[in-house]
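Here are a few short exercises to work through with the model open on your screen. Try each task before you read its solution.

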Amino acid sequence: MSNRVGPDESVEVNSNTTRLRRLYAQFQTQKLLWIVFLVICIDVVISVVTITVLMNKTEREKISIMNITTPTSTSSSIPSSTTTSSSSTTTTTSEQLIPSGIINKNTKWKKNAITVAGGHEAGSELNQLNEPWGIHVDNDDHSIYIADRNNHRIVRWEFGAKNGTLVAGGNGPGNEMDQLTQPTDVVLDKEKKYLIICDYKNRRVMKWSLQNSQDCQVLIPSIYCFGLAMDSNGDLYISDWTEGKVTRWQQGYNEGILVAGGNGEGNQLNQLNEPKYIFVDKDHSLYIVDDMNNRVMKWNKNANEGSLVAPGQVSNENLDTMVRSKGVIVDHEGNIYVSSDGSHQITRWSPGAIEGTPVIGEKQSGSEPTQLQDPHDLSLDQQGNLYVVDRNNHRIQKFAIDRD
């Protein structure tokens with residue numbers, strides 16, 4: 001009888017057991033909540049780190065395809081007889097740099113072009129062009145500067161605009177300071193404050209302010225300028241059509257430096273015959289359309305002669321693949337893109353090739369979106385889109401890169 005549990009003791013034992021069970025269940029619930037909370041925290045940390053890494057990678061990739069920006073102390077113009085002021089500023093290079101991996105020997109473009117300027121027959125209205133020759137594409141805002149030859153003016157066509165804006169000339173042919181006569185090419189200076197213009201028929205190179213149309217001056221007199229290019233230092237290259245040479249004009253100097261040709265007309269490697277449009281790459285190698293020799297020449301920096309990179313004829317198998325070549329552009333892998341009067345297509349010449357491969361246009365000339373008629377100057381933007389001066393269709397055509 002002494003070992004029996006009484007009624008009160010049984011209730012007390014059951015009550016304690018129930019309380020312990022409740023405490024244990026509560027502990028288990030809290031433990032589970034803490035585990036869930038820790039898992040959520042770990043997920044959040046991993047997500048933040050991943051997003052940060054991806055954003056940094058994207059930013060680096062964006063920076064890699066932008067124009068190089070470097071702080072430099074520069075003059076406000078290419079050397080001339082006029083007085084210029086100097087200032088220290090952050091400048092964007094106007095050398096054309098095509099991002100690696102976008103353009104190569106297998107790159108294709110859409111067959112149908114978009115007309116981005118002109119295309120309303122020949123005329124002098126601001127929605128028209130009249131035999132445009134040279135262009136300069138500003139990668140910062142995608143504006144196109146056009147040497148509108150037979151209208152004796154330079155017009156800027158902003159991205160998506162239906163009309164151009166007059167930025168130089170347009171006062172009829174003449175040799176006054178506010179006039180141009182058959183301009184053939186145009187580039188922006190390094191600070192993008194001035195236009196440099198080949199005023200072809202007036203035998204001079206002009207400098208024209210974008211902020212003040214009255215601020216214009218003769219930069220270089222007595223030169224039959226045809227094509228222009230500018231390197232990352234802001235040095236200006238000019239093809240002298242009648243003298244068969246290309247000169248470089250450095251800031252702070254009043255005379256041009258001979259960099260190609262200048263040995264009389266001829267077809268030797270140290271000669272040129274009526275050089276037309278030119279292109280300078282990131283290594284400051286110069287590519288020259290040697291018109292009357294039906295070839296494109298490459299002159300490395302400080303070289304005494306050039307090398308043949310796009311020939312009109314190199315063997316009996318390749319009798320005549322280029323006739324009166326005009327425009328040239330080069331991608332980062334050294335593939336050369338050439339336009340010519342004798343062909344209504346743009347051809348690509350890979351390094352070492354003996355024949356060009358058509359990449360744009362058709363064999364027959366025409367005015368359809370797939371056709372060209374006597375194409376002239378060329379340009380590539382930083383997205384890899386190809387711009388062509390479709391001279392006799394009085395328009396600028398943009399061929400979008402084909403990523404499919």
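**Exercise 1. Two turns**

How many residues lie between E5 and E6 in their hairpin, and which residue in the turn has a positive phi?

Solution. Keep in mind that this is a predicted model.

- Step 1: Find strand E5 at residues 132–137; E5 pairs with E6 in the antiparallel sense, over five bridges.
- Step 2: Pick out one bridge to fix the register: Val137 has Ile144 as its partner in E6.
- Step 3: Look at the turn. Six residues separate E5 and E6 in this hairpin, and His142 has a positive phi of about 65 degrees.
- Step 4: Move on to the other side of E6. Strand E7 (residues 153–157) runs antiparallel to E6, and five bridges join them. Ile146 is found opposite Val155 of E7.
- Step 5: Check the turn here as well. The E6 and E7 hairpin has four residues between its strands, and His152 in that turn has a positive phi of about 55 degrees.

**Exercise 2. The faces of E6**

Are the residues on the faces of E6 buried or exposed?

Solution.

- Step 1: Recall that side chains in a regular strand alternate between the two faces of the sheet.
- Step 2: Sort the residues of E6 by side: Ile144, Ile146 and Asp148 go on one, Tyr145 and Ala147 on the other.
- Step 3: Apply the cut-off, where buried means under 20% relative accessible area. Every residue named on either side is buried, so both faces are covered by this cut-off.
- Step 4: Cross-check with the count for the strand: five of the five residues in E6 (residues 144–148) are buried.

**Exercise 3. Cysteines**

Which residues does a disulfide join?

Solution.

- Step 1: Searching the whole structure gives one disulfide.
- Step 2: The disulfide links Cys198 and Cys225, with an S to S distance of 1.6 Å.
- Step 3: Place the ends. Cys198 sits in strand E10 (residues 194–199) and Cys225 in strand E13 (residues 225–230), so the pair ties together parts that are 27 residues apart in sequence.
- Step 4: Look at accessibility. Cys198 is buried at 0%, and Cys225 is buried at 0% too. Cys216 is also buried, at 13% relative accessible area.

**Exercise 4. A loop residue**

Where does Ala303 lie?

Solution.

- Step 1: Ala303 belongs to the loop between strand E19 (295–299) and strand E20 (307–310).
- Step 2: With 26% relative accessibility, Ala303 is partly exposed.
- Step 3: Compare sequence with space: Ala303 and Val259 are 44 residues apart in sequence, yet 7.6 Å apart C-alpha to C-alpha.

Conventions. Residues numbered from 1 in each chain as written. Predicted model: local features only at pLDDT ≥ 70, side-chain atom pairs only at ≥ 80, totals over all residues. Heavy atoms only, no water. Disulfide = S-S within 2.5 Å. Helix = DSSP H or I, 4+ residues; strand = E, 2+ residues; numbered from the N terminus. Buried < 20%, exposed > 50% of the residue type's maximum accessible area, 1.4 Å probe, protein only. Pairing = 2+ DSSP bridges.
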